[in-house]
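Biologist: Before I rely on any label attached to this chain, I would like each one set against its definition. Could we go through them one at a time?

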Amino acid sequence: MSEQDRELEDRTLLTVLGRYVSPTRAQSILVRARRDSPALGLRGATPVTQLLARLAEGLRMFVGEADTRAAVTELTRLTATNKADSVELELRVESDIARARLAARDMCLALGTSALVIQKLATIVSELARNIVSYAGGGQLSIRQCGGGRRGVRIEARDQGGGIPNLEEILGGRYKSRSGLGLGILGTKRLADKFAIETGPGGTRVEVEVHF
């Protein structure tokens with residue numbers, strides 16, 4: 001981004017922020033967001049997505065949730081690009097589960113979703129990521145906006161493990177496991193607006209959408 005484009009974008013952001021907080025606070029929120037957004041480290045996320053997530057956090061310190069969502073929705077519309085933002089994560093160890101949950105939260109903040117959607121997405125991502133780390137030895141998880149003009153978030157979880165046995169029993173709520181195997185898949189299905197799963201000896205792929 002050129003210096004001229006950066007100044008134009010900052011003026012746009014400050015105009016929107018200034019509708020909710022004082023000009024001084026708006027400037028402070030923007031400066032801090034510019035400084036902190038690269039620290040998110042979300043591979044595949046555009047700088048705009050990361051910046052909007054930090055702006056939402058800054059606004060939330062001074063205004064309520066409804067105003068924060070309204071501001072971020074407008075900021076998202078003004079800074080939107082044709083390519084949907086996405087995050088791609090490698091999941092190998094326990095700490096990657098928290099990293100995936102944070103990525104889902106920040107995507108929701110950037111999109112201006114409700115607290116309920118944030119909680120729902122965080123739960124889904126946690127369950128899918130934990131299954132990958134605990135039972136498949138690792139895999140990948142992607143988070144992106146839904147396509148086709150639908151407002152929502154799409155999550156895809158992939159692993160190369162041995163597959164999920166008793167899948168029909170799990171999805172029907174009939175499978176009992178002391179280890180918790182299967183509970184995450186069933187919980188994900190119940191929370192999702194759209195759910196699909198493929199599993200076998202070569203691995204498992206789960207696709208989920210949450211609409212808002």
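Modeller: Let us begin with the empty space inside: a search of the whole structure finds one cavity of 30 Å³ or more. This is a predicted model, in which local features need pLDDT of at least 70 and side-chain atom pairs count only at pLDDT 80 or more, while totals for chains, interfaces and linings use all residues. Residues are numbered from 1 along each chain as its sequence is written, and side-chain values use heavy atoms, with hydrogens and water left out.

Biologist: What makes a space a cavity, and how much space lies in the largest cavity?

Modeller: On a 1 Å grid over the protein atoms alone, a cavity is a set of points where a 1.4 Å probe fits but cannot get out. The largest cavity holds about 30 Å³, where a volume is the space filled by probe spheres set on the points, and points are joined across faces, edges and corners.

Biologist: Which residues line the largest cavity, and how do they divide into nonpolar, polar and charged?

Modeller: A lining residue has an atom within 4 Å of a point, and for the largest cavity these are Arg60, Glu65, Thr68, Arg69, Val72, Leu109, Gly112, Thr113 and Ile118. Three are nonpolar, three polar and three charged; Ala, Val, Leu, Ile, Met, Phe, Trp, Tyr, Cys and Pro count as nonpolar, Asp, Glu, Lys and Arg as charged, and the others, Gly among them, as polar. Helix α4 (residues 65-79) gives the most to this lining, with four residues.

Biologist: How do you know what to call a helix or a strand, and how many of each are there in the chain?

Modeller: Both are DSSP runs, numbered from the N terminus, a helix being H or I over at least four residues and a strand E over at least two. On that basis the chain has eight helices and five strands.

Biologist: Why does the span of helix α2 agree with what is expected?

Modeller: The expected span is 1.5 Å times one less than the number of residues. The 14 residues of α2 (residues 23-36) should therefore span 20 Å, and the end C-alpha atoms are 20 Å apart, which agrees.

Biologist: Which residues of α2 are called buried, and why are they placed on the same side?

Modeller: Buried means under 20% relative accessible area, exposed over 50% and partly exposed in between, with a 1.4 Å probe and protein chains only. In α2 the buried residues are Ala26, Ile29, Leu30 and Ala33. They cover an arc of only 95 degrees around the axis, which puts them on the same side of α2; the arc is that of the directions from the helix axis to the C-beta atoms. Thr24 and Arg35 are exposed on the other side of α2.

Biologist: Why is Thr12 counted as partly exposed?

Modeller: Thr12, which lies in helix α1 (residues 3-17), has 28% relative accessibility, so Thr12 counts as partly exposed.

Biologist: What is notable about the phi of Asn166?

Modeller: Phi of Asn166 is near 60 degrees, a positive value in a residue other than glycine. Most residues other than glycine have a negative phi. Asn166 is found in the loop between β3 (152-159) and α7 (167-171).

Biologist: What makes β4 and β5 a pair?

Modeller: Two strands pair if DSSP finds at least two bridges between them. Strands β4 (residues 194-200) and β5 (residues 203-211) are joined by seven bridges in the antiparallel sense, and they form a hairpin with two residues between them. Lys194 has Glu209 in β5 as its bridge partner.

How values were computed: 1 Å grid on protein atoms, 1.4 Å probe; cavity = no way out; pocket = protein on both sides within 12 Å on 5 of 7 lines; lining within 4 Å.
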